[in-house]
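Here is a short briefing to read alongside the sequence and the 3D view. Please keep both open as you go.

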Amino acid sequence: IDAAERIRRTIAESPITLSNQRVQISASIGVSVMSANDAGFEDILKRADLALYSAKRRGRNCVEFCKAL
């Protein structure tokens, strides 16, 4: 989670230039980890996706973690 937060913060603090205009961007990041009960990568990805949408519902520009279901 700490690494995802550092990435999110770096993105938020680093405006980009598009067509000679500075544009502020942000990122919502969903994080999950492998569990002993996971049948495969799809389970981890599903939890990360749930965490991502949770972050977006919270107002975006944040990191959410989803534990094993």
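The notes below go from the overall build to salt bridges, one loop residue, a surface patch and two backbone angles.

This is a predicted model, in which local features need pLDDT of at least 70 and side-chain atom pairs count only at pLDDT 80 or more, while totals for chains, interfaces and linings use all residues. Residues are numbered from 1 along each chain as its sequence is written, and side-chain values use heavy atoms, with hydrogens and water left out.

**Overall build**

- The protein has 2 helices and 4 strands, and these are DSSP runs numbered from the N terminus (helices are H or I with at least four residues, strands are E with at least two).
- Reading from the N terminus, the order of elements is α-β-β-β-α-β.
- Along the principal axes, the C-alpha atoms fill a box of roughly 50 × 20 × 20 Å.
- The radius of gyration is 14 Å, whereas a compact globule of 69 residues would have one near 11 Å; this value is taken over C-alpha atoms, and the globule rule is 2.2 Å times the number of residues to the power 0.38.
- Of the 69 residues, 29% are buried, where buried means under 20% relative accessible area, exposed means over 50%, and partly exposed lies in between (1.4 Å probe, protein chains only).
- About 5100 Å² of surface is accessible, and carbon and sulfur atoms own 52% of it; accessible areas come from the Shrake-Rupley method with a 1.4 Å probe, and for residues only the protein chains shown count as cover.
- Among contacts with a separation of 6 or more, 41% link residues 24 or more positions apart, a contact being heavy atoms within 4.5 Å.

**Salt bridges**

- Side chains of opposite charge can pair when their charged atoms come close.
- The model holds 4 salt bridges, each defined as a side-chain nitrogen of Lys or Arg within 4 Å of a carboxyl oxygen of Asp or Glu.
- In helix α1, E5 and R8 sit 3 residues apart, about one turn of the helix, and their side chains form a salt bridge with an N to O distance of 2.5 Å.
- E5 counts as partly exposed because its relative accessibility is 24%, while R8 is buried at 12%.
- E64 and R58 make another salt bridge, at 2.1 Å from N to O.
- These partners differ in cover: E64 counts as buried at 16% relative accessibility, and R58 is exposed at 55%.
- Salt bridges with shared partners also link E5, R8 and R9 into one network.

**D38 and its surroundings**

- Where does D38 lie? D38 is in the loop between β3 (29-31) and α2 (41-57).
- D38 counts as buried because its relative accessible area is 16%.
- The side chain of D38 comes to 2.6 Å from the backbone nitrogen of S35.
- The side chains of D38 and R47 share a polar contact of 2.8 Å; such a contact is a pair of N or O atoms within 3.5 Å, where within protein one must be able to donate a hydrogen and the other to accept it, and residues adjacent in sequence count only if both atoms are side-chain atoms.
- D38 and R47 also form a salt bridge, with their closest N and O atoms 2.8 Å apart.
- R47 is buried, with a relative accessible area of 3%.
- Setting aside neighbours within four places in sequence, D38 touches V33, D43, I44 and R47.

**A nonpolar surface patch**

- Which residues form the nonpolar patch on the surface? They are I1, V33 and F65, with about 260 Å² of accessible area together.
- Patch members have over 30% relative accessible area and no salt bridge, with nonpolar side chains (Val, Leu, Ile, Met, Phe, Trp, Tyr) joined within 5 Å and like charges within 9 Å.
- I1 is in the segment before α1 (2-12), and I1 counts as exposed because its relative accessibility is 53%.

**Positive phi angles**

- N20 has a phi near 65°, a positive value in a residue other than glycine.
- N20 sits in the loop between β1 (16-18) and β2 (21-23) and counts as exposed at 77% relative accessibility.
- N61, likewise not a glycine, has a positive phi near 55°.
- N61 belongs to the loop between α2 and β4 (63-65) and is partly exposed, with a relative accessible area of 29%.
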